[in-house]
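Hi there,

Here is the structure I promised to pass on. Have a look at it first, and then read on for what turned up in it.

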Amino acid sequence: MSRRPGHVTTGPYAPPVPRTTLTVTSADGARLYAEIHGPKDAPAVVLAHGWTCSTAFWAPVVRDLAAEHKVVVYDQRGHGRSPAAGPAGHSTRALADDLVAVLDATLRPDERAVLGGHSMGGMTIMAAAGRPQLRERAAAALLCSTGMADLPAESRVFPLRSPQGRRRAHRLMLHSKAPLGPVSPLAKRALRYATMGPGATAAQIEACARIVHACPPGVRAHWGRVLAGLELTGEVSRLELPTAVIAGTADRLTPLVHARRLASVLPDCLGLTELPGRGHMTPVEDPGAVAGRLRELVGDHLRPAGAGTEAAESAAAEVPRPARQKKEKSA
């Protein structure tokens with residue numbers, strides 16, 4: 001019996017055909033699958049997916065952006081078409097190494113990009129905060145449905161009253177190597193409860209379930225252990241590039257408290273966008289909002305070559321600093 005592909009193959013959540021694919025080699029020799037979509041000379045956006053996901057997770061966002069942007073997506077090590085690393089290859093340092101390698105391999109020497117990271121992908125950007133390559137390559141960033149520390153303590157998948165009990169239950173979930181099994185109606189109900197908001201459609205749930213269930217249990221457990229012990233508060237305080245935050249108000253995996261903490265710690269926060277009723281899978285649940293925020297960052301921070309300082313100063317004058325720090329909400 002043939003195995004179902006690790007993503008849907010039709011409709012708006014099916015991955016679009018890339019312009020090119022390549023294999024990127026990271027600092028420790030790990031090989032990463034990467035895709036490039038859109039026009040070669042368009043403004044660049046580089047997207048990092050989250051735990052148990054793959055490049056396919058970004059499909060609706062890529063479709064939205066690729067007509068006018070060069071969009072790079074890659075599979076985190078062990079996910080999608082990137083081979084699994086050895087036990088020593090799972091750390092926030094490895095995530096940062098991989099991101100830097102992808103930027104070097106997919107961008108021209110003088111090219112900069114807007115970065116977007118969902119969940120563990122956002123943590124990847126945070127982990128790379130101290131890298132000189134990030135400061136050279138990144139013009140701005142979007143942190144989407146993510147957190148910097150204390151994930152088991154704050155998660156609400158298991159809504160236990162005891163903080164210790166809640167922490168223990170979520171650690172067990174993150175550490176688990178149990179196979180998820182086929183994408184059944186029961187499995188989709190469980191995934192919807194844990195990761196999506198009440199308004200998620202059947203097509204969105206199917207798309208996310210196919211991606212998450214395709215992640216090997218061992219890979220899921222190795223990276224789950226990294227997430228269980230996550231502590232990136234110091235790195236976030238050094239992420240000195242314009243950074244926007246976006247999160248769903250119904251997120252159980254990384255509840256809104258994480259996004260609000262990020263917005264308070266980031267050195268140059270451009271605001272927090274709260275998406276009412278959306279869960280953890282915001283790039284699938286509300287791709288228009290995520291793509292729209294990325295497009296705004298490109299417009300504000302990746303001006304075409306030759307744009308004069310006078311235009312830049314004029315644009316800056318139109319957005320006073322206090323207004324940029326103000327929390328935003330999306331309908």
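**What lines the cavities**

The lining of the largest cavity is made up of 8 nonpolar and 5 polar residues, with no charged ones. Please keep in mind while you browse that this is a predicted model.

Some context for that cavity: searching the whole structure gives 3 cavities of 30 Å³ or more. The largest of them has a volume of about 110 Å³. Its lining counts 13 residues, and those nearest the centre are L151, L174, L227, L253 and T254. If you want to find the walls by secondary structure, start with helix 5 (151-154) and helix 6 (163-175), each of which supplies at least two lining residues. Helix 6 gives the largest share, with 3 residues.

The second largest cavity has a volume of about 50 Å³. Its lining consists of P15, P16, E35, H37, T55, A56, A59, V62 and V73. Two elements give two or more residues to this lining: strand 2 (31-37) and helix 1 (59-65). Here the residues divide into 6 nonpolar, 2 polar and 1 charged, whereas the lining of the largest cavity has no charged residue.

**Strand 3 and its neighbours**

The other part I would point you to is strand 3, residues 44-48. How many of its residues are buried? The count is 5 of the 5, so strand 3 is largely enclosed by the rest of the structure. Buried here means under 20% relative accessible area. A44, V46 and A48 point one way from the strand, while V45 and L47 point the other way, and all are buried.

Which strands does it pair with? One partner is strand 4 (residues 70-74), which pairs with strand 3 in the parallel sense over 5 bridges. Within that pairing, V45 stands opposite V71. To get from strand 3 to strand 4, the chain passes through helix 1, and this β-α-β crossover is right-handed. Helix 1 is also one of the elements that line the second largest cavity, so you may want to view the two together.

Strand 5 (residues 113-118) is another partner: it runs parallel to strand 3 and is joined to it by 5 bridges. On this side V45 stands opposite V114. V45 is therefore a handy residue to centre your view on, with V71 in strand 4 and V114 in strand 5 opposite it.

Happy browsing, and all the best!

Definitions and conventions: Residues are numbered from 1 along each chain as its sequence is written. This is a predicted model: local features need pLDDT of at least 70, side-chain atom pairs count only at pLDDT 80 or more; totals for chains, interfaces and linings use all residues. Side-chain values use heavy atoms; hydrogens and water are left out. On a 1 Å grid over the protein atoms alone, a cavity is a set of points where a 1.4 Å probe fits but cannot get out, and a pocket is an open set with protein on both sides within 12 Å along at least five of seven lines; lining residues have an atom within 4 Å of a point. Grid points are joined across faces, edges and corners, and a volume is the space filled by probe spheres set on the points. Helices (H or I, at least four residues) and strands (E, at least two) are DSSP runs, numbered from the N terminus. Ala, Val, Leu, Ile, Met, Phe, Trp, Tyr, Cys and Pro count as nonpolar, Asp, Glu, Lys and Arg as charged, and the others, Gly among them, as polar. Buried means under 20% relative accessible area, exposed over 50%, partly exposed in between (1.4 Å probe, protein chains only). Two strands pair if DSSP finds at least two bridges between them. A crossover is right-handed if, with the strands pointing away from the viewer, the path from the first strand over the helix to the second runs clockwise.
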